[in-house]
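Below is a short report on side-chain pairings, cores and backbone details in one protein chain. Please read it with the structure open.

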Amino acid sequence: MYIRSGTCLFPASAIIAIPCFVLSPDIAWSQSTWTGAINNEFSDGGNWDTSPTPPGAGDAATVNAGTPNVTNAYTVDTLDVGSPGVVTVTATGELTVTTAVSLNGGSLTVDSGGSLTSGTVNVDDAASQLSNSGTVTGAITVNAGTFTNATGATAGAVTNAGSSTNAGTIASLSNTAGTFDNSGTISGTATVSGGTVTNTGTVSGASTVQNGGTLTNDTGGTLADVSVASGGTYTNATGSNADAVTNAGTSTNAGTIASLSNTAGTFGNSGTISGTATVSGGTVTNTGTVSGASTVQNGGTLTNDTGGTLADVSVASGGTYTNATGSTAGAVTNAGSSTNAGTIASLSNTAGTFGNSGTISGTATVSGGTVTNTGTVSGASTVQNGGTLTNDTGGTLADVSVASGGTYTNATGSTAGAVTNAGSSTNAGTIASLSNTAGTFGNSGAISGTATVSGGTVTNTGTVSGASTVQNGGILNDNGGSLLGGLSVLTGGTASISGTTVFGLTDIEASAILNASGANTLGTSLTLRGTLDLQNGTTGDSITVSGLDVDAGTLYLDTNLDEGNVTVDSITVNGNMSGTFNVSFTESGFATLATPGDTLVIDVSGTNSSTAASVSGLPTDVFIQHDFVKSGQDWVIRTSLNLAPLSGVVGSLATTQAVVASTINRPSSAFVSPLIGAEADTCRPGTYTRGVGANVTAEAETTSPGSASAVSRVSVSFKGIQLGVDYGCFNIGGNGGSINFGLLAGINDGKAKQDQTIGQGRIISNSDFQSRYVGAYATYSQGSFFADLKAVYDATTYDIDARTVVGATTSQFVQDDDLDTDRYTVSGSIGYSFSVDELSIIPTLGLSYSNTRTDTTKIASGIGGDILFDDTESIIGLASLTFAKTIVLPDETSALQPFVTGTVYNEFGKSIKATYQPTSGAATPTSTQNAGTYGEISVGLNYFSIMDGPLGLRQLSASLRGDIPVGERIEGTQIVGSLRLQF
């Protein structure tokens, strides 16, 4: 027994004073243990081991056994209830425990009407129970054991790790372990960091489920906001309600929540979310209803499973959304990864991917990302810049509009309505119609209606059942497809067909283009005002029409004019052809064709009144000529030899040979005159020399089968000298007859020139030549009769430089500095001199035969080849008539004889034959006409002088003559001077 004095305790039995111990105010002043010796009244001091004094307000009370009842207002500092003690606060009791109540195996019951006020109430033993039917004021911590808050009871904040229930009202809950069932009211917050909390009552404050905690809002339960952390578990059961739920753990809702924010973990909703649902992380699965908008953010996954209903859904980049079979959603805006197998009201895809195998009952707008449809889109689909829409096998779309930068694919087995395209689109399935305003569209499937191309490019390898129209700026390429409804190519449009049959194409308007490759058939007659283009770098393309009216249209065609492999693009007209057109060719080969003939280009079975206004692009060659001409009712490329340069070469040779021959082989060319006053049988030698200069221009026509003839005009100028020696006998037998035998030799140097415009080109030829010859001759004269016979061999060497000039281009035709000819000639003439008064009239007849061999010469330009000359036989006959008058000079030993002669020459031989042999292909013969018939007028003066000179010179004869050829194909002048010495 101690006696308190201030803050000191003294033993009651002490006789002397002892030191005073200062007590801490946190330590009970007295420790009282319940004995229950008197009764069960807590306030009766006889029931305590400090009897007769009960524990006071500052004392510690311990109940380890018994069942004390608190029936009045009573205060202790601490209360410790051990096993098997039970403390009951009755309906009239008011127990105040200033510091703490500890239930360490014992129990505490607060009856209805009773109250317990304590700093803290700790339930620390599994056998301990705290039962409240009244009021408990202060924090309650259930570390083990049981806490029961009965209906109508009130308690403060509860921390539970045991097994607790609340049917009344508690201030708040912190559940760290164990179980807690709430069928009453938690007026504040509920935190579940462990264990399990089941609510069928009301939590007025926010509920937080932390890692390891489980919160079940069971049927009838009502929660305010709920936050579920990672590792936490929350269930909102059927018939329960909660406000906004934030989840990062594992949660389900079969009741009703106001909204959802899922940041991680999983959330399954089979109930109702009356507001919005935001999924920023984790996975949300819905089989119930979300009345507000759903938002799926980066890292979040939302699945609207069978039976689920969502309002509008927005899926951000990195988010995932699945609308399963049997589910329904409102308008979906997607930038993440989403699929729909159920029904959504509409779609706006801004990025990411969206796969639809269900139904989009409204519109679908794809402004970015990729949308793949195997289901149905009932409203219009719009693909904007950067968006991609694929209508895959089994998919059905209504009308589709594709903007610039958009991509649309209608796959095999898919169906779409009217498609308007300005982007990049393809169709392998079926669409109702097409309007292409820009971009590209490839059709390998079926367009059941019309196709209009007002811009961009459409490529068709499939079928267009309706009419196809190509307008200003549009391009349609049909590569083996079928345009069953016909084709109209309007002004500014471009259509391309390849291996196609087109019905209904009747007009290609001005500024419109139809490209064709492969074999194509137009089922109608065609009016061509624009361009029909078959050029693609290869030949063999064709188009067949029923009729063709070319109204200032243009044809573009490929050619391959290679020898042995000639192919061209062609047109077949199964009817009539009319109008005026232009044609442009492009050669794809090497243009080695050198065999004259026709290559069919336009085959017309009916009448053909068409004309070609302009032709361009056919290959040009110096010697080979290709012309686009009409042949009968057809249009052909006619290959022929350009005989103009060949005529110039051959003409140069022919003219040179003819002029030189007329000089060498003309009658009396061996300058022999009888010896005047010779004694009988006088035999003496003689010699002569002759100089000649000539400038003659002659024309010669060259022809060849299949080629247009060409007439060359060649000017030949030359100078030469001839020497002769002979031995003759005069006044044979005294009857006046004379005979001479002699040898002659000579040389001529000259040039043959041609500078002539033939057709579209100019021929320039310069041929230097030198002719050397030797021969033998014999003459006979008696009285007024005379005759001569001569045999001559001459060899001529040519240095040929022949060129053609077309426009600004000069091309070498032949360059040959070693072209030789060899000729053998036999000639003879007879004449008679008639005297009429003082005149002598002398008719003369002559004939010469020659055979000429000419070397082969090479063509230096174009495809090349050789000119091979046949041996040429020439038979020239002549008839001349000379009028002369002899004037005896005063010395009576000399005389002058002026004369004038008219001569007619005729070439009886054949024309000059030459063959063109190209480097490849067949040889082509050519023929160049000979000199033919022409005349010559000669004026001259002879001089005779009888002499008795040195070395036995008996007579001197001289002659100077000027010749002027006269004929249709020859003109020019020639001067000949001769001097003879007769010994």
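Tyr824 is exposed, because its relative accessible area is 52% and the cut-off for exposed is over 50%. The model is a predicted one. The ring partner of Tyr824 is Tyr793, with the centres 4.9 Å apart. Their planes stand at 40°, so the pair is tilted. Tyr793 is partly exposed, at a relative accessible area of 29%. The two tyrosines sit in distant parts of the chain, 31 residues apart. Tyr793 belongs to strand β85 (residues 785-806) and Tyr824 to strand β86 (residues 809-832).

**Aromatic pairs**

The count of aromatic pairs is 13. One of them is formed by Trp34 and Trp48, and its geometry is edge-to-face. The centres are 5.1 Å apart, with 85° between the planes. Trp34 and Trp48 are 14 residues apart, and each lies in the loop between β3 (31-33) and β4 (60-63). Are these two tryptophans buried or exposed? Both Trp34 and Trp48 are buried. Ring pairs also build a cluster, made up of Trp34, Phe42, Trp48 and Tyr74.

**Salt bridges**

There are 13 salt bridges in the structure. The table gives three of them, with the distance between the closest N and O atoms.

| Acid | Base | Closest N to O |
|---|---|---|
| Asp551 | Arg529 | 3.7 Å |
| Asp598 | Arg638 | 2.8 Å |
| Asp726 | Arg980 | 2.7 Å |

Asp551 lies in strand β73, while Arg529 lies in the loop between β70 (526-528) and β71 (531-533). They are 22 residues apart. Asp551 is partly exposed, with a relative accessible area of 40%. Arg529 is partly exposed too, at 35% relative accessibility.

Arg638 is in strand β80 (residues 634-641) and Asp598 in strand β77 (residues 597-604), so their bridge ties together parts 40 residues apart in sequence. Arg638 counts as partly exposed at 30% relative accessibility. Asp598 also counts as partly exposed, at 42%.

Which strands does the bridge between Asp726 and Arg980 link? Asp726 is in strand β82, and Arg980 is in strand β98 (residues 970-982). The two residues are 254 residues apart. Asp726 is buried, with a relative accessible area of 6%. Arg980 is buried as well, at 1% relative accessibility. Elsewhere, shared partners join Asp507, Arg529 and Asp551 into one salt-bridge network.

**Disulfide**

The structure holds one disulfide. Cys683 and Cys729 form the bond, with an S to S distance of 2.0 Å. The torsion about their S-S bond is about 110°, so the disulfide is right-handed. Cys683 lies in strand β81 and Cys729 in strand β82 (residues 707-732), so the bond ties together parts 46 residues apart in sequence. Cys683 counts as partly exposed, at 28% relative accessibility.

**Nonpolar cores**

How many residues make up the largest nonpolar core? It has 124 residues. Those with the most contacts inside this core are Leu79, Leu487, Ile602 and Phe628. Strand β73 (residues 548-562) contributes the most to the core, with five residues. Leaving out residues up to four places away in sequence, Leu487 touches a set of residues that includes Ser468, Val470, Leu476, Val502 and Phe503. Leu505, Thr506 and Leu514 are also among the contacts of Leu487. Another core lies apart from the largest one and has 37 residues. Among them are Ala698, Phe813, Ile863 and Tyr916.

**Backbone details**

Two prolines follow cis peptide bonds in the passages described here. The bond from Ser51 to Pro52 has omega near 10°. Pro52 is located in the loop between β3 and β4. The bond between Ser83 and Pro84 has omega of about 5°. Pro84 is in the loop between β6 (73-82) and β7 (86-89).

Positive phi values also occur outside glycine. Asp681 has phi near 60°. Asp681 lies in the loop between α1 (643-664) and β81 (682-704), and is partly exposed with a relative accessible area of 48%. Leu951 has a positive phi of about 60°. The loop between β96 (933-946) and β97 (955-966) holds Leu951. At 78% relative accessibility, Leu951 counts as exposed.

Notes. Residues numbered from 1 in each chain as written. Predicted model: local features only at pLDDT ≥ 70, side-chain atom pairs only at ≥ 80, totals over all residues. Heavy atoms only, no water. Phe/Tyr/Trp six-rings, centres within 6.5 Å; stacked < 30°, edge-to-face > 60°. Helix = DSSP H or I, 4+ residues; strand = E, 2+ residues; numbered from the N terminus. Buried < 20%, exposed > 50% of the residue type's maximum accessible area, 1.4 Å probe, protein only. Core = buried A, V, L, I, M, F, W, Y, C linked by side-chain atoms within 4.5 Å. Contact = heavy atoms within 4.5 Å. Disulfide = S-S within 2.5 Å. Salt bridge = Lys/Arg side-chain N within 4 Å of Asp/Glu carboxyl O.
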